[in-house]
Amino acid sequence: MKASAGAKVELSGLCRSYGDNQVVDNVSLTVASGEILALLGPSGCGKTTTLRMIAGLISPSAGEIAIDGSSITALPVHRRNLGMLFQNYALFPHLTVLENVAFGLAMRGLPKAVITERARQALALTRLTGFEDRMPAALSGGQQQRVALARAIVYRPRVLLLDEPFGALDKKLREEMQIELRQLCNELGLTTILVTHDQEEALVLADQIAVMRGGRIEQVDTARAIYERPTSHFVADFIGTSNFLPAEIIGKADGCTVLRAHSGPLFRSTVANELSPGDNVAVVVRPESIRLSQGEGADSMNAVSGKVLRAVFKGQALSIWLDVNGADIVASLPIEALNDINPQPGEPWTAQWSFERTLIVREQ
Amino acid sequence: MNETVSTPLKIVVGIILLIVVAPLVVPLLMSISDTPYIVFPPKGFTLQWYGAVLANPEARGSFLFSLELAAIVTAVSLVLGVPCAAGLTRYRVVGQDVVLGLILSPLIVPLIVTGVALLQLFSMLGSRATMMQLVIGHTVVCLPYVIRSVSASFVLANRNLEDAAAVLGAAPHLVAIRVIWPQVRPGVLAGAVFSFIVSFDDYPISMWLADGNHFPVPLYLYTVIERSFDPSIAAIASLMIGFALLLVLVIEKVFGISLARLAS
């Protein structure tokens, strides 16, 4: 199968409401050719509705969907030429694996010989050669998934849509499939839009992540930027683990922001932000950005002290919870970096982090 | 589905089957009795009563007429019932429950009442088209069976598959043929079998609507019982049982697995 240049997808002002319930609210997005974008959010955030609108299975209340510059908003589902992977695969139980994969080609009225040849190629691509005559019910979850994938890409769709594709697989298989899928999409240059509630899946698969909440897009950026520079409390909380310290900006100068926590200590941040003094904000610190030292040391910048509440061993890391003036601060220390550090509950310890690891988000 | 059935349950099911099936063996045994009257248990063995029945033009005529009637009724019931079941299960329509209740009501009202009501209606209309009257009367009774089993298969059909087919490029009519039909086929088939057998066996409706030229098997059987009481009656009954059994077996052989899934 030749690599085909994927199409560019643009959503502008996309809305969908059911009665008074605004499920998708003014979503605008651009997915570049060949890019993998993840729509990430908790259940009910409108991500699946958005995907189904792109597929044409739900019609938008307002807004436009364009592929390579031309609007497909009014085009019926079967003429959009998209590929889609459904949550429970939706394989046709009465057809064999080969017939399932051939379905889309048959709908395009291709000659039989071409259909069979291309279906076999797609099965080879998803490592399913030899399974042509099996029925879907006789396959494992991972195999069914691969049949569904072969079925979705065999007719070279302009865009591949994935709806929580790995939800039904166990962890190990899911990780394998994610990597396989990513390779395949890159090889074929397929523009891909993925819906998931699993942040890890989004981080592994996607070039760009759009975090959704309550029908709106909270932030769109690369996986790394979203993780390192969340712009809202919601994103900082939803992606990874974060410590939040309610604070107030007391000064800004030379790319440096000075804040005072409501509980007293001063913080300095060198992370760029568009906030101004007086704004109600929170200082956000990732657990792995924190260094721990024994004893009280809260007189230095970007440090808080407290008593150890508990320490939990998590395989690659040790998580330590500190009670800082009634607020919990969690730090995550990689095992290799532990050495002789062994905090015991009740001991006073100090958590400290660098200026460039001091994130700031606006609070409502 | 693959759970093993416990022994007490097996015994109960066995007893129920025995009670249902055992009476059917009685006419079979009576029909082979080498006596000029009906006895049980049979005396001797002969197949002459089957020969007599099959040689009798009246009996043959009735049998063929019943087949024709059942075939037409089944066709009409399917034509009306399949779209109706599709509509009732897939769309929310105002008055849906009322419509469903009306369609299923012939199963609640005694058939003999339905029959006499239809007779009155037809005579009020001055209708003399006996065949049409019989078809209408039987369809009223058969339609609920078709709608019941077809509705069940529509409810069980996986809507995701239709979405998948549409995304894969199937226009709505192709989705119907390639994806919906394979899923509802067992239900349609089961409905057709029920409809055929119900029509073929019907007495209380036909009793009111039939005439000398349109004379279904159950009516013929009844008149024969009134006239004489030889084992040919049992032979006719056995043939009817055998025919129904054959129908069910053929269907089971061809579509057995899908029917079992539908019933579970």
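How many residue pairs are in polar contact across the interface of chain A and chain B? In this predicted model, local features need pLDDT of at least 70 and side-chain atom pairs count only at pLDDT 80 or more, whereas totals for chains, interfaces and linings use all residues. Residues are numbered from 1 along each chain as its sequence is written, chains are lettered from A in the order in which they are written, and side-chain values use heavy atoms, with hydrogens and water left out.

The rule finds 3 such pairs, both residues being at pLDDT 80 or more; a polar contact is a pair of N or O atoms within 3.5 Å, of which, within protein, one must be able to donate a hydrogen and the other to accept it, and residues adjacent in sequence count only if both atoms are side-chain atoms. On the side of chain A that touches chain B, helix H1 (47–55), strand S6 (83–85) and helix H2 (97–107) each supply at least two residues; helices (H or I, at least four residues) and strands (E, at least two) are DSSP runs, numbered from the N terminus. The largest share, 3 residues, comes from H2(A).

The count of salt bridges between the two chains is 1, formed by A:Arg52 and B:Asp163, whose closest N and O atoms are 2.6 Å apart. Such a bridge requires a side-chain nitrogen of Lys or Arg within 4 Å of a carboxyl oxygen of Asp or Glu.

In total, 20 residues of chain A are in contact (heavy atoms within 4.5 Å) with 16 residues of chain B.
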